[in-house]
Protein chains: 2
Amino acid sequence: MVKAILFDVFGTTVDWRSSIITELEKFGDENGLSADWSATADRWRAGFRDLQAKIARGERVWITMDQIHREVLDALLLDLGATGLPEQEVAHLNNAWHRLRPWPDTVKGLTLMKRAHIIGTLSNGNLSLLVSLAKHGGLPWDCVLSTAMFGTYKPNPEVYLGAVRMLDAEPGDVMMVAAHAYDVDGAREAGLRTAYVFRPDEFGPGKGEDPGDTSRFDIIASNFVELAERLSE
Amino acid sequence: MVKAILFDVFGTTVDWRSSIITELEKFGDENGLSADWSATADRWRAGFRDLQAKIARGERVWITMDQIHREVLDALLLDLGATGLPEQEVAHLNNAWHRLRPWPDTVKGLTLMKRAHIIGTLSNGNLSLLVSLAKHGGLPWDCVLSTAMFGTYKPNPEVYLGAVRMLDAEPGDVMMVAAHAYDVDGAREAGLRTAYVFRPDEFGPGKGEDPGDTSRFDIIASNFVELAERLSE
């Protein structure tokens, strides 16, 4: 019996890419900028992941996800030759990560899983960002846990074990759910139970992650409603 | 404009006393024990507060609220001459603090405040205890913050300022709500905005706290629905 289920958020619970492209297009229109906004969204995300990985390896001092997004965004805007933009506009654009849409199955699946389990986030997002996303998307979390509480990023094992301790649980009582193998593998190595969810359009239509051999995960599912069904079997 | 509202839980959001008395009476019946269960409930709570205050002053190593409740309960049972009870029964009784009823106005008031504000706990309860109470009572928190995240107890200022930091806010953007002057005063001294809610029956019918001069609080209210109304004025 799984006591608590912890969910990755960006890519697993919410569709960052289509939301960010929409916001970038709007920003471009309003500021007279043109660019390949899909590619810009991908570069923004990739830049986040690079910097986050550096911090997780201890090569940079910890900063929040909002701060990482802003650092990467500033570099992207410089590349686009977009200088002298009003600070308020840039801050609003950076805040687009607070306004991401859930995947269509997310709220239904979470609501089903909430009946028999504690459901919470375990995300690299800072708490205020995760709370914004929950309010924006109606995500019915029982608790919002952030790697910021542990001063590092996934897949540092301290993140998974710290969350387990906060829940007064044993690693085997807690399941980590993500659409990213590095995250699910990190949880698995820390002794947690695992579910891998396919998000085949995360990086663009038909561009999901290939996790390799999925037999190492306890559950695989194609969305959160299917995950809820598998958990109740 | 208050960005986030943080609530004390035990006594402010939930009615610990009537719930605990009911559980103690049931425990007594099932184990052939008789005692003044109302007085026992009060001693349990007072014992918790004494030990918590010791920890907040640094006179004892930090342990969770569940662990404090158990230490006090074991002493109370010894006083009642109740020895040799099955561990499962005693653990279930200690877990009564996970099954407390909200005050009648709590859920309605929180639901109203959630529309325009982030609402969260800032309680001495450990996270799993706070999550249990939320699921048991249908408390619609946006986030569940515990002093356990900071390794100390209220009114240590680090608790209030740590919560503010987690929310990426300034102290003046966050309001602390409690029915206990020591807690609201702690938040006030840390620079937070404050609301004092009267819970006139917390310690028994007609036995609420007297906070003294209430002009030092930003808002006073007689329940959570009135607090919601005051905040929307």
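Ser123(A) counts as buried, because its relative accessibility is 0%, where the cut-off for burial is under 20% relative accessible area. This value, like the others in this briefing, comes from a predicted model. The residue lies in strand β4 of chain A, and the points below begin with its surroundings before moving to the sheet of chain A and then to that of chain B.

**Around Ser123(A)**

- Once its neighbours within four places in sequence are left aside, Ser123(A) is in contact with Phe7(A), Val9(A), Phe10(A), Leu130(A), Leu145(A), Ser146(A), Thr147(A) and Lys154(A).
- Val144(A) stands 21 residues away from Ser123(A) along the chain, and the C-alpha atoms of these two residues are separated by 8.6 Å.

**The sheet of chain A**

- In chain A, an open sheet is formed by 6 strands, which follow one another in the order β5-β4-β1-β6-β7-β8 with parallel pairing.
- At the edges of this sheet are β5 (143-146) and β8 (219-221) of chain A, each of which pairs on one side only.
- From one strand to the next, the twist in the sheet of chain A averages 25°.
- Strand β1 (residues 4-7) of chain A runs parallel to strand β4 (residues 118-123) of chain A, and 4 bridges join the two; within this pair, Ile5(A) stands opposite Ile119(A), which belongs to β4(A).
- Helix α9 (residues 224-231) of chain A packs on the sheet, where it touches β1, β6 (174-178), β7 (193-197) and β8 of chain A, and the direction of this helix makes about 145° with that of β8(A).

**The sheet of chain B**

- Chain B also holds an open sheet of 6 strands, arranged in the order β5-β4-β1-β6-β7-β8 and paired in parallel.
- The edge strands here are β5 (143-146) and β8 (219-221) of chain B, and each finds a pairing partner on one side only.
- The twist in the sheet of chain B averages 25° from one strand to the next.
- Over 4 bridges, strand β1 (residues 4-7) of chain B pairs in the parallel sense with strand β4 (residues 118-123) of chain B, and Ala4(B) stands opposite Ile118(B) in β4(B).

**Helices on the sheet of chain B**

- Helix α6 (residues 127-137) of chain B packs on the sheet by touching β4 and β5 of chain B, and its direction makes about 145° with that of β5(B).
- Helix α9 (residues 224-231) of chain B lies across β1, β6 (174-178), β7 (193-197) and β8 of chain B, and this helix runs at about 145° to β8(B).

Key. Residues numbered from 1 in each chain as written. Chains lettered and ligands numbered in written order. Predicted model: local features only at pLDDT ≥ 70, side-chain atom pairs only at ≥ 80, totals over all residues. Heavy atoms only, no water. Pairing = 2+ DSSP bridges. Axes fitted to C-alpha atoms, helices over the stretch in contact; angles between N-to-C directions. Contact = heavy atoms within 4.5 Å. Buried < 20%, exposed > 50% of the residue type's maximum accessible area, 1.4 Å probe, protein only.
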